[in-house]
Amino acid sequence: MKRQRTLKKVLSLKEPHKKEELLRRSRELSALLTIAQTATQSLDTEKILNDTLDKSLEILGFKVGYIRTLDLEAGGLAVRAARGFSSPEFFANVIPLDSPHRSVAKIVFETREPYISSDIREDTSFRHGFMAREGLISAAFVPVMSKNRVIGLMMVGSSKLHKFSQEEVNLLMTFGSQLGASLENAQLYDEVNKSKVYIENLVENAGDAIVSTDMGDRILTWNRGAEVIFGYTKEEAVGKSLAILLAPERSKELEDIRTKVKLTGVIRNLEVRRKRKDGVFIDVALAVSPINDKAGNITAFLHLAKDITEKMRYEQRLKELDRMKSDFVSNVSHELRTPLTAIKASVDNMLDGITGPLGEKQARYLTRIKSNTDRLARLINDLLDLSRIEAGKIDLKPTHLLLVTLTKEVAESLRPVAVEKLISLEVASPDIGMTAWADRDKVIQVLMNLISNAVKFTPQHGKVTLAIQKNGNEWVQISVSDTGPGILPKEANKIFAKFYQIAPLGKEKTKGTGLGLAISKALVEMHGGKIWVESKVGRGSTFCFTLPAQRPIKTEPPAN
């Protein structure tokens, strides 16, 4: 009985303590709940900061405190919320993190641990005396953290001597963690919102038309670019069918586009005609892509349209001018050919002695005339070939060609020129029976151009080698290699352009039209093949081209 009375007496003594503990825990949980509600219900950074500081001071019974957060532009920790401070300098002060001075704020930021000072008057870390001048005696600093990184710190202080309990420090640390997560969420929201506004402004003010439609082609959004290009205002367009931009007989085009997007995922650079509000038809380059929901289902379509009416007009004009140029070149070349043929024939007759004996000086002058008429004839022939190629007036007449035999014939016809420069001219092939399906005359023309160039650019005692080999199962490759000066990489990219001529290093450009390689490229590509050059400066060049090995069903250019 005595032991029972003693136990009841002890329990009665503990009751007030238990009630006080429960009341304290209740206040703490209430404060945490309030801060958590602020964090989840608000994305306003300023409200989150101020509400957290106010509630922290209220639960601890203090009147002075502040929150600093990391400001990368300012280069340190800047004050974002404060209570109980009167000095204007305090609010403007930014604590630099790269300073050698070990301030309390920097210690907390680097260690991620709280810093507690029951009496700052005796704490050497407060040697500047600012806190003391503000009337503070006790202070507690805790880091504000998010995802295991410090983004700021919070301080609460008292003008009376106060010894912070471990429970108070733990509570402040919890406040700091909750505040960090809240600030991170608010910052992410701000960034997303800024990005959203930026994208909306970008779309709205884009020069091209950006339009979204639902699955039935009903217009959902209509930007300023669409207003300018098509003439309809946003109010006039949204809710209407995209068919308002099409001629009645072309309304099925929208269904075709939707079907193609569903199959391919996106359509790019589709050139179509569209009708403006005023009834004028314009040319637009269209891109259409699907808009998917989270499950990947198509719920709408995004249309990007660029007005290319002027571009199409200019291109058409350029085509007309190009055709006129080709016709002019062809006509002039034909007109020049007749008198040139007569001059050439007369000179040949005089050199052959038909008109009587010639003196040495007369023969020298006539030989010079013959050389220049031959050169002029080649120029006219090149211009005629080019104009016919550009006009699409050259027809191929392919047959099975014995390439080694044909290449040797061309090489023999040019051997006198090579011998004159003491240049070795050889044809090499592992298979003398190798054939190609090509036009004989056009292949001869390509070989003449490539071999002539090789001999022209190869110095005396040099070497020009022709090689024929397989390039895969469907192609044969002919290569013309020389031991000339080589070609710079920047020149190699331009060498097949019309009228482009390269100059050997340190020398003037050689005589010629600059059309031989352009014509060769066109003739090879007409066969479905490719032509390219491989060269190293000082080590010569190799020009290669491919031809179909047999009569193709479908010809695709090989990879070089």
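In the predicted model, a salt bridge joins the side chains of Arg-149 and Glu-184, with an N to O distance of 3.1 Å. The two residues belong to distant parts of the chain, Arg-149 to strand S6 and Glu-184 to helix H6 (residues 166-204), and are 35 residues apart. Arg-149 is partly exposed at 38% relative accessibility, whereas Glu-184 is buried, with a relative accessible area of 10%.

The count of salt bridges comes to 21. Another of these pairs is formed by Arg-83 and Asp-54, whose closest N and O atoms are 2.8 Å apart. Because Arg-83 is in strand S2 and Asp-54 in helix H2 (residues 45-60), this pair ties together parts that lie 29 residues apart in sequence. Arg-83 has a relative accessible area of 25% and is partly exposed; Asp-54 is also partly exposed, with a value of 34%. A salt bridge is likewise found between the side chains of Asp-214 and Arg-218, at 3.1 Å from N to O. Here Asp-214 is buried, with a relative accessible area of 16%, while Arg-218 counts as partly exposed at 40%. In addition, Arg-250, Glu-253 and Arg-274 are connected in a network of salt bridges.

The protein chain has 560 residues, of which 38% are buried, and its secondary structure consists of 15 helices and 18 strands. Among contacts in the chain with a separation of 6 or more, 58% are between residues 24 or more positions apart.

Helix H4 (residues 104-111) is largely enclosed by the rest of the structure, because 6 of its 8 residues are buried. The buried residues of H4 are Val-104, Ala-105, Lys-106, Ile-107, Val-108 and Phe-109. Their cover includes strands S1 (64-71), S2 (76-83) and S3 (94-96), together with strands S4 (115-117), S5 (138-146) and S6 (149-158). Strand S2 also holds Arg-83 of the salt bridge with Asp-54, and strand S6 holds Arg-149 of the pair with Glu-184. Directly after H4, Arg-112 adopts a positive phi of about 65°.

Positive phi values also occur at two loop residues. Lys-147, in the loop between S5 and S6, has a phi near 55°, although the residue is not a glycine. Lys-147 is exposed, with a relative accessible area of 66%. His-461, in the loop between H13 and strand S15 (463-471), has a positive phi of about 65° and is likewise not a glycine. At 62% relative accessibility, His-461 counts as exposed.

Helix H13 (residues 440-457) packs against helix H15 (residues 516-526) at an angle of about 145°, and the axes are 9 Å apart. The crossing of the two helices is left-handed. On the H13 side the contact is made by Lys-442, Gln-445, Val-446, Asn-449, Leu-450 and Asn-453, and on the H15 side by Gly-516, Leu-517, Ile-519, Ser-520, Leu-523 and Val-524. By class, these comprise 6 nonpolar, 5 polar and 1 charged residues.

Leu-450, one of the H13 residues in this contact, is also among the residues with the most contacts inside the largest nonpolar core. This core has 45 residues, and the others with the most contacts are Ile-451, Val-464, Ile-495, Phe-543, Phe-545 and Leu-547. Apart from neighbours within four places in sequence, Val-464 is in contact with Ile-423, Ser-424, Leu-425, Glu-426, Ala-454, Val-455, Thr-458, Val-480, Ser-481 and Asp-482. A second, separate core is made up of 24 residues, including Val-104, Met-131, Leu-136 and Met-145. Of these, Val-104 is one of the buried residues of H4.

Ile-291 lies in strand S10 (residues 281-292) and is partly exposed, with a relative accessible area of 31%. When neighbours within four places in sequence are set aside, the contacts of Ile-291 are with Ser-212, Asn-297, Ile-298, Thr-299, Ala-300, Phe-301 and Leu-302. Ile-291 and Leu-302 are 11 residues apart along the chain, and their C-alpha atoms are separated by 6.7 Å.

Methods:
Residues numbered from 1 in each chain as written. Predicted model: local features only at pLDDT ≥ 70, side-chain atom pairs only at ≥ 80, totals over all residues. Heavy atoms only, no water. Buried < 20%, exposed > 50% of the residue type's maximum accessible area, 1.4 Å probe, protein only. Helix = DSSP H or I, 4+ residues; strand = E, 2+ residues; numbered from the N terminus. Contact = heavy atoms within 4.5 Å. Axes fitted to C-alpha atoms, helices over the stretch in contact; angles between N-to-C directions. Left-handed = near helix turned anticlockwise from the far one by under 90°. Nonpolar A, V, L, I, M, F, W, Y, C, P; charged D, E, K, R; others polar. Salt bridge = Lys/Arg side-chain N within 4 Å of Asp/Glu carboxyl O. Core = buried A, V, L, I, M, F, W, Y, C linked by side-chain atoms within 4.5 Å.
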